[in-house]
Structures are given as structure tokens and as C-alpha cells.
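Look at the chain below, then read on. This short report covers exposure, a hairpin and a pocket.

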Amino acid sequence: LFVPLVVQGALTGRLLAGMFHADNQSLYVLVGVAAFLGAGYRVPLAAVMFVAEATGRPGFVVPGLIAATVASLVMADSSVSAYQQRRSRGHLEDRADLPVTTVLANDPAVADPADTLAAFFTEHVALARRRAVPLVDADGAYRGLVLLDDLLGVDRERWHEVAVAEIARTDLPHLGPDATMGEAIRAMADAEVDHLPVVDGGGRLRGVVTSDAIVDRARLLDRLGDA
């Protein structure tokens, strides 16, 4: 893109010189080249010095620098070079627009509201190492999310008499099947949780999405290993 930027800058400078009936048209042309190169590649100083050295006109440095600086400010975060862009789409950005059903666990482990904390711990924590389990009634309706941290906050001597329904969190967010991964990430970040139930319009649990599934940790580690 070097030559196109130079040509566009020169043509723009020549156009402005003609509009203002400038006596020194070459000044406008070279200042235009410096502005387009400096803004396009986000290197205003290098662009100005290139123009000065290539033309042997050091007197053009100051006006060229002013033009390149103003043009760079107008460009903001944009750049013609992918290596100089302040923002680029990464692993998560590429997945943010995908539907949340792409990574949905359709048959998650669930807990019954009548289960005791002791039974819940044995089945879901001790054996399966789960940190969050959705609570579902006999009709399959979602009733809340049971978190390991809340379980450990109850005196262990009471685990045989307390039902999981008593500690299930009903204030945590859940999404519909038409949500995107980006919406799921934002909801989990706002609630500071790693698990998000997905519920249909009838209130029935469709599945659970986790932050690890959205990030796709295995793929991300592979990409970092190749970097």
C-alpha cells in the first residue's frame, strides 16, 4: 500500500494547491504525501523524514510534520498495517457472534430440589468434581443454580438436614437459546460466575454453558503454543 498512499497524498496535495492557487505547489504535494504515509502506517516522524530525504527539501519537514500529526489523530486506532493496529480481532472476538448453543452442554448433570447437601456433595462434588449444578424440578423446569462455594458455607453437620433448594441461587443470570457467546460472556462476567444455564421460553433447562467452553481452552493453548 506504500505506492497508493503516496499517489493519494500527492493528488490530494495537488488538488488543494490548485484550490488555493498556491505559488509553491510542490510543498502541498509533499505535505500530502507525508500526511497519507504518516497516518496510514501510524509513523508520522518516519514519513516526514522519508519525504525530506527523498526530495532534498528539509524546509518541508515542519509543515509535513504538522500535517502527518493531524492526519494520524484523525485516523485514531486505524492502520493499513495489521501489525500496527491497536485493536485486532482475537480468539474470543471471533467467537462472540456465534450462538451459545454451539458450546451448550445439552445433557448436563442436574440436582433435585429435595436432595440434601450431603447427597449433593457425594454425587456432584466428591465423585464428579463439579463446582456448579443447575437445580431442576420433576417437570424439567429450571429452579436455580447450586454453587460449591455456597455449599461449603453451610455447617457440615447440617448437610444431612438441609435441602439443596435452600441454597440454590435464583438471582444469577440465565439466557435463552437464541443468545450469542458474547452475551453469555458479558452475563457471566457481570455475575462473576463460570456457569450459565440456558433456559427456553417455557422455563425448561436446555443446558449449561461454561466459560471454558466459550474460550475453548484447548484451542487457545494450541494457538499460544504456536505463537
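A residue counts as buried under 20% relative accessible area, exposed over 50%, and partly exposed in between, using a 1.4 Å probe and protein chains only. This is a predicted model, in which local features need pLDDT of at least 70 and side-chain atom pairs count only at pLDDT 80 or more, while totals for chains, interfaces and linings use all residues. Residues are numbered from 1 along each chain as its sequence is written, and side-chain values use heavy atoms, with hydrogens and water left out.

**Exposed residues**

Helices (H or I, at least four residues) and strands (E, at least two) are DSSP runs, numbered from the N terminus. The table places three exposed residues.

| Residue | Place | Relative accessibility |
|---|---|---|
| H21 | loop between helix 1 (2-19) and helix 2 (25-41) | 67% |
| A189 | helix 8 | 52% |
| E192 | loop between helix 8 (181-191) and strand 3 (195-199) | 73% |

A189 counts as exposed because its relative accessible area is 52%. A189 and S211 are 22 residues apart in sequence, and their C-alpha atoms lie 9.4 Å apart.

The two loop residues also have notable backbone angles. H21 is not a glycine, yet its phi is positive, near 55°. E192 is not a glycine either, and its phi is positive at about 60°.

**The hairpin**

Two strands pair if DSSP finds at least two bridges between them. Strand 1 (residues 132-136) and strand 2 run antiparallel, joined by 5 bridges. One bridge partner pair is L135 with G144 in strand 2. The two strands form a hairpin, with 5 residues between them. In the turn, G140 has a positive phi of about 85°.

How many residues of strand 2 (residues 142-147) are buried? The count is 5 of 6, so strand 2 is mostly covered.

**The largest pocket**

A pocket is an open set of points on a 1 Å grid over the protein atoms alone, where a 1.4 Å probe fits, with protein on both sides within 12 Å along at least five of seven lines; lining residues have an atom within 4 Å of a point. Volume is the space filled by probe spheres set on the points, which are joined across faces, edges and corners. The largest pocket holds about 220 Å³.

Its lining includes R131, A132, L147, L148 and D149. E192 lines the largest pocket too, and E192 is exposed. By class, the lining has 6 nonpolar, 1 polar and 5 charged residues. Here Ala, Val, Leu, Ile, Met, Phe, Trp, Tyr, Cys and Pro are nonpolar, Asp, Glu, Lys and Arg are charged, and the others, Gly among them, are polar.
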